[in-house]
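Colleague: I should like to learn how to read the features of a protein model. May we go through one together, feature by feature?

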Amino acid sequence: MDAGAEATPVKVSARDLDVFYGATQALHGITLDARANRVTALIGPSGCGKSTFLRSINRMNDLIAGMRRQGTILLDGRDIHDPDVDVVDLRRRVGMVFQRSNPFPKSIYENVAYGPRIHGVSDRTTLDEIVRTTLEQAALWDEVKDRLGASALSLSGGQQQRLCIARALAVEPEVLLMDEPASALDPLATARIEELIHELKERYTILIVTHNMQQAARVSDTTAYFYMGRLVEMGPTAQIFTNPSKQETEDYITGRFG
Amino acid sequence: MAQHTDRRYEEDLARLRQLVLEMGGLVESQIADSVRALASNDAALARSTIERDHEVNRYDVEIDEECLRLLALHQPAARDLRLITTGLKITTDLERIGDLAVNVCERVVERSGKGQEVRIDLPRMADMARGMLRESLDAFVREDAELALKVCRDDDAIDALHGAMFREVIGWMGADPGAVVDGTGQIFVSKYLERIADHATNIAEMVVFMVKGKSIRHLSVPTTI
């Protein structure tokens, strides 16, 4: 039995979450638990609501005009929409990695040090230490340790994406949201990101949106299938990919969709 | 069930099912011919049946290749994955059944011209084993787990029949030492047929897995699933 099968505490918990963009309802009553130190994959066709759900967890959707929400999301049992929750602190605790790597047009060092700096770390030795350990965690240190002052834009696509992961890790998050983190990368760079996800789950709770079903099967412990804004089925990844209980899930993962 | 978006994939899976059925049909006729050769002491029929085993082997290789190709090219999941892995395992059992039919024929060839008399009801046993094989393949193509379970249950009857025949042959060999060679050969054949039924049972168990996603192997047969 793989480690993913053992229950760990619930880290992120959505309860009856509805999200509307204007008159359009993007999510319908999503109730879903993501467990600590586990990778939860969100799969489903375009427009199914998986990215909206992901972006709800650190309240990124708050930035979209006309967005409305009902229901709750709990982080360690606490409602992330409580009036006294500091959204900046929430986004520090819940980091995000996007589809396209988006390093700042600054040095490799500054990309990683940026977050800790704005959270008040100014001591150079401490920053050096954070930069080194997070680049190590992101499996990038050995490739860049001799050129930390070089522009982040001089890195390859796969390296840039790992730099963005390091940047997210530098502020010591607890949860990592990944929105198709490898879809713009070649197979080798993709394999490195997937290997990294395996290592990162020892420390973090990871939720990943992916269109690549084999990737979901490879990296996740739990898979949730979304369709038209609803959570159709969620279960252990091995079970979802060998014997899902819902016909809709079966049709999607076997390529009988549409 | 909805069709695959990828039509070629759909056709490939249909072709896999077809190949397994063709192989199954061929193996069934191999069993029938081997037992007919035994009952009529027909060494020529036994030899031609042995010859045809290479066709069974060719299917074994072809289906293996087809399954590997499907796995590599389509990364199948769920029911498709279960169909393909079941295909891989079923062909192994079918190939072994083919070999057992050859073994029956070899016993016929060994005793050819020696006027052997088949004194136990091996044809009935062969019919039972063939029936189990046919039903396990029907269950495969119709995705019928209940029929597959029936095949698993039927295995007890053929085991019992083999036990009865064994005791009967021991009885007449004891009374007539001259019958020991024929008797031993017929005990072997009875065992081959009992093994064929075991392989049919394996196929049926795989069909239950294919349809339900649940393994019933090495467990007592459930009454329903």
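Colleague: Which backbone oxygen lies 2.8 Å from a polar atom of the side chain of Ser56(A)?

Modeller: Please bear in mind that this is a predicted model. The backbone oxygen in question belongs to Thr52(A). Ser56(A) itself is found in helix α1 of chain A, residues 50-56. Its side chain also makes a polar contact, at 3.0 Å, with the side chain of Asn61(A).

Colleague: Is Ser56(A) buried or exposed?

Modeller: One compares the relative accessibility with a cut-off: under 20% is called buried. Ser56(A) counts as buried because its value is 7%. Leaving aside residues up to four places away in sequence, Ser56(A) touches Leu17(A), Val19(A), Leu27(A), Asn61(A), Ile73(A) and Ile80(A).

Colleague: What would a contrasting case look like?

Modeller: Consider Gly77(A), which is found in the loop between β4 (67-75) and β5 (78-79) of chain A. A value over 50% is called exposed, and Gly77(A) has 58% relative accessibility, so it counts as exposed. Sequence and space should also be read separately: Gly77(A) and Val12(A) are 65 residues apart in sequence, yet their C-alpha atoms are 7.7 Å apart.

Colleague: How should I read a salt bridge, and how many are there over all chains?

Modeller: A search of the whole structure finds 37. For each one, ask which side chains meet, and where they lie. In one of them, the side chains of Asp76(A) and Arg93(A) meet at 3.2 Å, N to O. Asp76(A) lies in the loop between β4 and β5 of chain A and Arg93(A) in helix α2 (residues 87-93), so the pair ties together parts that are 17 residues apart in sequence. Asp76(A) is partly exposed, with a relative accessible area of 44%.

Colleague: Which residue forms a salt bridge with Arg218(A)?

Modeller: That partner is Glu194(A), and the closest N and O atoms are 2.7 Å apart. Glu194(A) belongs to helix α7 (residues 187-200) of chain A and Arg218(A) to helix α8 (residues 213-219), so this pair ties together parts that are 24 residues apart in sequence. Glu194(A) is buried, at 8% relative accessible area, whereas Arg218(A) is partly exposed, at 44%. In another salt bridge, the side chains of Glu110(A) and Arg117(A) meet at 2.6 Å, N to O. Both ends are partly exposed: Glu110(A) has a relative accessible area of 24%, and Arg117(A) has 34% relative accessibility.

Colleague: Which residues of chain B are linked in a network of salt bridges?

Modeller: The network links Asp12(B), Arg15(B), Glu62(B), Glu66(B) and Arg69(B).

Colleague: How does one read a helix, for example α4 of chain B?

Modeller: An α-helix has 3.6 residues a turn, so residues three or four places apart point the same way. One may then check the length. At 1.5 Å a residue, the 21 residues of α4(B), residues 122-142, should span 30 Å, and the end C-alpha atoms are indeed 30 Å apart. The buried residues of α4(B) include Leu122(B), Met125(B), Ala129(B), Met132(B) and Phe140(B). The buried residues of this helix pack against α1 (7-39), α3 (78-110), α5 (145-175) and α6 (180-212) of chain B.

Colleague: Which residue caps the N-terminal end of α4(B)?

Modeller: Asp121(B) does so, with a side-chain oxygen 3.3 Å from the backbone nitrogen of Arg124(B). After the helix comes Glu143(B), whose phi is positive, near 55°.

Colleague: How does one find empty space, and what is the volume of the largest pocket?

Modeller: Rolling a probe the size of a water molecule over the atoms shows where empty space is left. The largest pocket has a volume of about 490 Å³. It is lined by 22 residues, and Arg91(A), Met96(A), Arg167(A), Ala168(A) and Val171(A) lie nearest its centre. The helix α3(A) gives the most to this lining, with five residues.

Colleague: Which residues lie nearest the centre of the largest cavity?

Modeller: They are Arg17(B), Arg79(B), Leu83(B), Glu143(B) and Met210(B), among the ten residues of its lining. The volume of this cavity is about 70 Å³. Of the elements in its lining, α3(B) gives the most, with four residues.

Technical notes: Residues numbered from 1 in each chain as written. Chains lettered and ligands numbered in written order. Predicted model: local features only at pLDDT ≥ 70, side-chain atom pairs only at ≥ 80, totals over all residues. Heavy atoms only, no water. Helix = DSSP H or I, 4+ residues; strand = E, 2+ residues; numbered from the N terminus. Buried < 20%, exposed > 50% of the residue type's maximum accessible area, 1.4 Å probe, protein only. Expected span 1.5 Å × (residues − 1). Contact = heavy atoms within 4.5 Å. Polar contact = N/O pair within 3.5 Å; in protein donor to acceptor, adjacent residues only side chain to side chain. Salt bridge = Lys/Arg side-chain N within 4 Å of Asp/Glu carboxyl O. 1 Å grid on protein atoms, 1.4 Å probe; cavity = no way out; pocket = protein on both sides within 12 Å on 5 of 7 lines; lining within 4 Å. Points joined across faces, edges and corners; volume = space filled by probe spheres on them.
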